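I opened this notebook to keep a record of what I looked up, in the order in which I looked. The entries begin with the whole chain and end with single residues.

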Amino acid sequence: MPTAPDPDLRLRGRLLRGLGRLREMLPGSFVERQRACGRANCRCADGKNLHTQYQISVLVDGQPKTFNVPTTLVQQVRDNIELRKRFEAAAASICNINLRRFLKQKEKP
Ligand SMILES: [Zn+2]
């Protein structure tokens, strides 16, 4: 009978195999804001019927930037930013597993 597989290694393998599905991940956070466009005769001029604007807010070379997201891409961009959070969670889990393994390895003579 084969020895029971190390649960840490099984989890690490599963996390690594799942990373390919996260390839479309995007940085930053998704921002939804209300704004007036400034045209005097627009519906937003009353300050209530504002326009919804979607943006990615992200650091580029350490500088905060925002990029407008067209309405047609809102869902895709939201999803892809979510992918990055899953990537970061997976990376953190893999690092924890590897740290545990390093500390165990270090104890052995
Ligand atoms: Zn307007």
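The entries below go from the overall outline to the sheet, and then to the second helix.

**Entry 1: the outline**

I noted at the start that I am working with a predicted model. I looked up the elements and found two helices and three strands in the chain, which follow one another along the sequence in the pattern α-β-β-β-α.

I then asked what radius of gyration the chain has, set against that of a compact globule of 109 residues. The chain comes out at 22 Å, whereas a compact globule of that length would be near 13 Å. The box filled by the C-alpha atoms, taken along the principal axes, is roughly 80 × 30 × 20 Å.

I also looked up burial, and wrote down that buried residues make up 2% of the 109 residues in the chain. For the contacts with a separation of 6 or more, I found that 57% join residues 24 or more positions apart.

**Entry 2: the sheet**

Next I looked up how the strands are arranged, and found an open sheet of three strands in the order E1-E2-E3, with antiparallel pairing. Strand E1 (29–35) and E3 are the edge strands, since each of them pairs on one side only. Neighbouring strands of this sheet are turned against each other by 35° on average, with direction ignored.

I took the pairings one at a time. E1 and E2 are antiparallel and are paired over seven bridges; as one example I noted Glu32, whose bridge partner in E2 is Tyr54.

On the other side, strand E2 (residues 51–60) runs antiparallel to E3 and is joined to it by six bridges. I went through some of the residues that face each other there: Val60 stands opposite Gln63 in E3, Val58 stands opposite Lys65, and Ser57 stands opposite Thr66.

Where E2 passes into E3, I found a hairpin with two residues between the strands, and I noted that Asp61 in the turn has a positive phi of about 50°.

**Entry 3: the edge strand E3**

Is strand E3 buried or in the open? I checked its six residues (63–68) and found that the number buried is zero, so the strand lies largely in the open.

I picked out Phe67, which is found in strand E3, for a closer look. Phe67 has 14 C-beta neighbours inside 10 Å, and therefore counts as partly exposed, because a residue needs 20 or more to be buried and 12 or fewer to be exposed. Leaving aside neighbours within four places in sequence, I found Phe67 in contact with Gln55 and Ile56. The C-alpha atoms of Phe67 and Gln55 are 5.3 Å apart in space, although 12 residues separate the two in sequence.

**Entry 4: helix H2**

I turned to helix H2 (residues 74–107), which lies across E1 and E2 and runs at about 140° to E1. I wanted to know how its span agrees with its number of residues: at 1.5 Å a residue, its 34 residues should span 50 Å, and its end C-alpha atoms are indeed 50 Å apart. I then looked up its burial and found that, of the 34 residues of H2, the number buried is zero, so this helix lies largely in the open.

**Entry 5: two residues of H2**

The first residue I looked up was Val74, which is found in helix H2. It is partly exposed, with 14 other C-beta atoms within 10 Å. Apart from neighbours within four places in sequence, Val74 is in contact with Tyr54 and Val69. I noted again that Tyr54 is the bridge partner of Glu32. I also looked up Val74 against Phe30: they are 44 residues apart along the chain, and their C-alpha atoms are separated by 9.0 Å.

The other residue was Gln76, also found in helix H2. Which class does Gln76 fall into, with 12 other C-beta atoms within 10 Å? I recorded Gln76 as exposed, because that class takes in residues with 12 or fewer. Gln76 and Ala36 are 40 residues apart in sequence, and I found their C-alpha atoms to be 25 Å apart in space.

Conventions: Residues are numbered from 1 along each chain as its sequence is written. This is a predicted model: local features need pLDDT of at least 70, side-chain atom pairs count only at pLDDT 80 or more; totals for chains, interfaces and linings use all residues. Helices (H or I, at least four residues) and strands (E, at least two) are DSSP runs, numbered from the N terminus. The radius of gyration is taken over C-alpha atoms; the globule rule is 2.2 Å times the number of residues to the power 0.38. Two residues are in contact if their C-beta atoms, placed from the backbone, lie within 7 Å. Two strands pair if DSSP finds at least two bridges between them. Axes are lines fitted to C-alpha atoms, for helices over the stretch in contact, and angles run from 0 to 180 degrees between N-to-C directions. The expected span of a helix is 1.5 Å times one less than its number of residues.
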